[in-house]
Amino acid sequence: MNHASLTEPVSGGLNISVISTGPEYSLSDPIWAINWFDVKSKSLYDFYNSIAVSHVKSVKGVPFFKGHLIRRIEGQDVDERELLLIVYYPNPESFLAMIKSRVFQIKSLLRVWAVKDFTFGFMKRNDDGGMPKGSFSKYEGKLIFLVHHFKNGHIGFDALKLKDLAASYDVFTYFSGIKSHLIGRRRKNDKLKTAPFYMDGLLIFAAFEESQFEDLLNSLSYKEFIKDNSSNYIGLYGREV
């Protein structure tokens, strides 16, 4: 089955595509780039971020969340990464406009040298929204974050129900998304290759105390949600952005 895609030539005969994973995922709506990876050099990666952010902002993108692993709660080594970076883009076209920049491509070599076990894909927020309004700046340094990514095949779950469940334990749903698009590359007559992206859904919760997460995870409803997934990774992360 063919899925809708948007393709742009980049350089040297290389084409980059953003490919929807289903007909319900538009090529004109906001997308959230999910970067999930380990690092070979954290200082080099942070330097790359500092010089690449202007390109993100030039296409009206916004770095939304960058967090580092504190400790794993559930899951396997293969599903764990040290860092999670989420970036908002108004649409796939804006993302492709950014990576077409030759200067951005050169700067991105630093990212290639700095990271390992890199997985990348796009999600749609479950509230269909763009960047949320409001700021967490007044809580800077006070919140901890729970990251839960999972596979469930059909990528279906009741996001509103989970949000209400979390709220009952004074836990805020910071991000709730489902896999919507993949990134692919093709050079000349080669076959299209898509970047590895193993998660069907992603939830990020925020709270002041780890015990609030424990209460949520131990609730019958959340245990049932975990059971319904074919795999789960849950970890505590500290927010950097």
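This is a short walk through the strands, aromatic pairs, empty spaces and backbone oddities of one predicted model.

Okay, hi everyone. Remember as we go that this is a predicted model. I'd like to start with the strands, and with β8 in particular.

So, which strands pair with β8? Let's take them in turn. Strand β2, residues 14-20, runs antiparallel to β8, residues 172-187, and seven bridges join the two. If you want a spot to click on, Ile16 sits opposite Arg185 of β8. Then there's β10, residues 201-207, which pairs with β8 over six bridges, again antiparallel. There, Phe172 has Ala206 in β10 as its bridge partner. Strand β6, residues 115-125, is antiparallel to β8 as well, with four bridges, and here you can look for Met123 opposite Lys179. And β9, which is just residues 193-194, is joined to β8 by two bridges, antiparallel too.

Have a look at Arg185 once more. We had it across from Ile16, and it also stands opposite Lys193 in β9. While you're there, check the hairpin of β8 and β9: five residues lie between the strands, and one of them, Lys188, has a positive phi near 50 degrees.

That takes me to two other backbone spots. Lys60 isn't a glycine, yet its phi is positive, about 70 degrees. You'll find Lys60 in the loop between α1 (42-58) and β4 (62-74). Is Lys60 buried or exposed? Its relative accessibility is 64%, so Lys60 counts as exposed, the cut-off being over 50%. Asp170 is another non-glycine with a positive phi, near 60 degrees. That one is in the loop between α4 (159-167) and β8, and with a relative accessible area of 62%, Asp170 is exposed.

Right, aromatics. How many aromatic pairs does the structure hold? The count is 21. I'll show you two. One is Trp32 with Tyr88: a tilted pair, 5.1 Å centre to centre, with 55 degrees between the planes. Why do I like it? Trp32 is in strand β3 (residues 31-39) and Tyr88 is in strand β5 (residues 83-89), so this pair ties together parts that are 56 residues apart in sequence. Both Trp32 and Tyr88 are buried.

The other pair is Phe37 with Phe118, also tilted, at 5.6 Å between centres and 40 degrees between planes. This one links distant parts of the chain too: Phe37 is in β3, Phe118 is in β6, and they are 81 residues apart. Now compare how the two rings sit. Phe37 is at 0% relative accessibility, so it counts as buried. Phe118 has a relative accessible area of 24%; buried would need under 20%, so Phe118 is partly exposed.

Phe118 has some company as well. The charged end of Arg111 sits over its ring, 4.8 Å from the ring centre. And if you zoom out, Phe37 and Phe118 belong to one aromatic cluster along with Tyr45, Tyr48, Tyr89, Phe95, Phe120 and Phe122.

Keep Tyr48 and Arg111 on screen, since they come up again in the largest pocket. About 1200 Å³ of space lies in that pocket. It has 44 lining residues, and Tyr48, Ile99, Phe104, Ser108 and Arg111 are the ones that lie nearest its centre. What is the lining made of? By class, 27 of the residues are nonpolar, seven polar and ten charged.

Last stop, the cavities. There are two of 30 Å³ or more. The largest holds about 50 Å³ of space. Which residues line the largest cavity? Go around and you'll meet Trp36, Val78, Asp79, Arg81, Thr119, His149, Tyr198 and Met199. That lining splits into four nonpolar, two polar and two charged residues.

The second largest cavity has about 40 Å³ of space. Its lining includes Glu24, Tyr25, Ser26, Asp29, Pro30 and Ile31, and also Lys124, Ser180 and His181. The classes there come to three nonpolar, three polar and three charged.

Okay, that's my tour. If you open just one view afterwards, try Phe118, with Phe37 as its tilted partner and the charged end of Arg111 over its ring. Thanks, everyone.

Note on methods. Residues are numbered from 1 along each chain as its sequence is written. This is a predicted model: local features need pLDDT of at least 70, side-chain atom pairs count only at pLDDT 80 or more; totals for chains, interfaces and linings use all residues. Side-chain values use heavy atoms; hydrogens and water are left out. On a 1 Å grid over the protein atoms alone, a cavity is a set of points where a 1.4 Å probe fits but cannot get out, and a pocket is an open set with protein on both sides within 12 Å along at least five of seven lines; lining residues have an atom within 4 Å of a point. Grid points are joined across faces, edges and corners, and a volume is the space filled by probe spheres set on the points. Ala, Val, Leu, Ile, Met, Phe, Trp, Tyr, Cys and Pro count as nonpolar, Asp, Glu, Lys and Arg as charged, and the others, Gly among them, as polar. Two strands pair if DSSP finds at least two bridges between them. Rings of Phe, Tyr and Trp (its six-membered ring) pair if their centres lie within 6.5 Å; planes under 30 degrees apart count as stacked, over 60 as edge-to-face and the rest as tilted. Buried means under 20% relative accessible area, exposed over 50%, partly exposed in between (1.4 Å probe, protein chains only). A charge sits over a ring if NZ of Lys or CZ of Arg is within 6 Å of the ring centre and within 35 degrees of the ring normal.
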